[in-house]
Amino acid sequence: MNKKQLVAKISSTLGQSKADAERTFDSITTIILDALKNDDTVKIAGFGTYKVAKRKARVGRNPRTGESIQIPASKKPKFLAGKQLKELIKSTV
């Protein structure tokens, strides 16, 4: 499902226009992104948790030359599925 299909589903479920549904979707997305940008965690009960995972700087190895290289510290977005989401997916097998 892509954004357009998701907005259409929100629109029909809530009885809103597609424009209102898209604004709602964009607002939610922006709020989550702003929270992650500020290193906050977003927990949605029954769905999951969005958070920023931090990786320490480390020494790696270039596979071609075998030379040691310094890999800088970094951050990446992470999603942890909630219990209800895991149970839902597990039950569909």
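This tour moves through a predicted model from its first helix to a surface patch, naming at each stop what to select.

Begin with residues 3-14, which form helix α1; its 12 residues reach 16 Å from the first C-alpha to the last, close to the 16 Å expected at 1.5 Å a residue. Then add N2 and K4 to the selection, and look at the N-terminal end of α1, which N2 caps with a side-chain oxygen lying 3.2 Å from the backbone nitrogen of K4. Beyond the helix, select G15, the residue that follows α1 and has a positive phi, near 70 degrees.

Next, go to D39, in the loop between α2 (18-37) and β1 (42-44). Most residues other than glycine have a negative phi, whereas D39, although not a glycine, has a positive phi of about 60 degrees. With a relative accessibility of 33%, D39 counts as partly exposed.

From there, select F47, which is found in the loop between β1 and β2 (48-55) and is partly exposed, with a relative accessible area of 36%. Adding I44 and F79 to F47 brings up a nonpolar surface patch of about 240 Å², which these three residues make.

Finally, select residues 58-61 and 68-71, the strands β3 and β4, which run antiparallel and are joined by 4 bridges. Within this pair, G60 stands opposite I69 in β4. The hairpin of β3 and β4 has 6 residues between the strands, and in this hairpin G66 is the residue to pick out for its positive phi near 80 degrees.

Methods
Residues numbered from 1 in each chain as written. Heavy atoms only, no water. Helix = DSSP H or I, 4+ residues; strand = E, 2+ residues; numbered from the N terminus. Expected span 1.5 Å × (residues − 1). Polar contact = N/O pair within 3.5 Å; in protein donor to acceptor, adjacent residues only side chain to side chain. Pairing = 2+ DSSP bridges. Buried < 20%, exposed > 50% of the residue type's maximum accessible area, 1.4 Å probe, protein only. Patch = residues over 30% accessible without salt bridge, like charges linked within 9 Å, V, L, I, M, F, W, Y side chains within 5 Å. Areas by Shrake-Rupley, 256 points an atom, 1.4 Å probe, with all protein chains shown as cover. Salt bridge = Lys/Arg side-chain N within 4 Å of Asp/Glu carboxyl O.
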